[in-house]
Amino acid sequence: MLAVFKNGVVEPPKELRSPASSQAVGKDKTPEQTLKDCLSLDPNNAFSLEFVNKVVMAYVPPRSSAMPHQRLFCSVDDMHCMFLGNLHNLCNLNRQYGLSKGGNEAMFVIEAYRTLRDRSPIPAHQVLKELDGSFAFVIYDHRSDTVFVALGADKGVNLFWGVAADDSVMISDDVSLIKASCRKSFAPFPAGCMYHSDRGLISFEHPMHKMKAMPRVDSEGAMCGACFTVDAYSKVNSMPRVGSEANCATWG
């Protein structure tokens, strides 16, 4: 899967950018070229959605039934989700949210996001902690122009993010797609963390602690985009609320 966010839809931490990207040998691919490469992995079944030249989401089905994790795509009421992995407690979660027992993980994640967005007093980190399994997902809410990304804490699946030469932010489980356009300005998305347009990057495992950038050097000795980890010695002062005063959900 591949998501491309243009024109400031996603504001990544500044440490994700590496000055070594401009010094790398060879020519990097544009996000559009990388999108074509992604779709070419399964030209008969892969597809992409583009939203007003701001966001592109590309979905490539699993190439083998032997793959350990499923890939899912779901769209509901202008909310679009790409999901990678498995939730062991999906049946219980569907029952808890009043959903059909036949619903899959992507459907559940969209409904959980909708609940958080519209009416839930429960903070996002608490909802994510209830997910038992290996998972990663990217949600784009077209109506509110909001992005919500999360990666499970067990490191059972991988997710990468980076910044392309045109400042597009790219997210994928395929690191080769990220490297093609982002060069050195990329890093693994931190496990046990979430990104939300209103809050930025936080740990849903330790939401009261700030995140800190950790310098990262590749095998060639070049400085890459930073990894991010929980700063055990630095706490956030408050958990800001989002939405109307009537909506007491917190994206943290």
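In the predicted model, 13 salt bridges are present. Three of these pairs, together with one network, are described below, followed by the internal cavity and the backbone at two loop positions.

The side chains of K6 and E32 form a salt bridge, with a nitrogen-to-oxygen distance of 2.9 Å. K6 belongs to the loop between β1 and α1, whereas E32 is part of helix α1, so the contact ties together parts of the chain that lie 26 residues apart in sequence. The two partners are assigned to separate burial classes: K6 is buried, its relative accessible area being 11%, while E32 is partly exposed at 36% relative accessibility. The assignment of K6 follows because its value falls under the 20% limit for a buried residue.

A second salt bridge joins D141 to R117, and the closest N and O atoms of this pair are 2.8 Å apart. Here the linked parts of the chain are strand β6, which holds D141, and helix α3, which holds R117; the two residues are 24 positions apart. D141 has a relative accessible area of 0% and is therefore buried. R117, by contrast, is partly exposed, with a relative accessible area of 26%.

A third salt bridge is found between K184 and D218, where the closest N and O atoms are separated by 2.5 Å. Both residues are located in loops: K184 in the one between α5 (175-182) and β10 (186-188), and D218 in the one between β13 (209-217) and β14 (223-235). This pair links distant parts of the chain, 34 residues apart. K184 is buried, with a relative accessible area of 15%, and D218 is partly exposed, with a value of 21%. The value for D218 is not under 20%, the limit for burial, and does not exceed 50%, so this residue is placed in the partly exposed class. In addition to these pairs, D77, E111 and R114 are connected with one another in a network of salt bridges.

The interior of the model was also examined. The structure contains 1 cavity of 30 Å³ or more, and the volume of the largest cavity is about 60 Å³. Its lining is made up of F108, V109, A112, Y113, L116, A124, V127, L128, L131, F137, I139 and F148. Two or more lining residues are supplied by each of the elements α3 (105-118), α4 (124-129) and β6 (133-141). Of the contributing elements, α3 gives the most, with 5 residues. In terms of residue class, the lining of the largest cavity comprises 12 nonpolar residues, with no polar and no charged residues. Helix α3 and strand β6, which contribute to this lining, are also the elements linked by the salt bridge between R117 and D141.

Positive phi values were noted at two positions not occupied by glycine. N7 has a phi near 55° and is situated in the loop between β1 (2-5) and α1 (31-39), the loop in which K6 also lies. With a relative accessible area of 62%, N7 is exposed; this class applies because the value is over 50%. For D167, phi is about 75°, again positive in a residue that is not a glycine. D167 is placed in the loop between β8 (160-163) and β9 (169-172). The relative accessible area of D167 is 47%, and the residue is therefore partly exposed.

Definitions and conventions. Residues are numbered from 1 along each chain as its sequence is written. This is a predicted model: local features need pLDDT of at least 70, side-chain atom pairs count only at pLDDT 80 or more; totals for chains, interfaces and linings use all residues. Side-chain values use heavy atoms; hydrogens and water are left out. On a 1 Å grid over the protein atoms alone, a cavity is a set of points where a 1.4 Å probe fits but cannot get out, and a pocket is an open set with protein on both sides within 12 Å along at least five of seven lines; lining residues have an atom within 4 Å of a point. Grid points are joined across faces, edges and corners, and a volume is the space filled by probe spheres set on the points. Helices (H or I, at least four residues) and strands (E, at least two) are DSSP runs, numbered from the N terminus. Ala, Val, Leu, Ile, Met, Phe, Trp, Tyr, Cys and Pro count as nonpolar, Asp, Glu, Lys and Arg as charged, and the others, Gly among them, as polar. Buried means under 20% relative accessible area, exposed over 50%, partly exposed in between (1.4 Å probe, protein chains only). A salt bridge is a side-chain nitrogen of Lys or Arg within 4 Å of a carboxyl oxygen of Asp or Glu.
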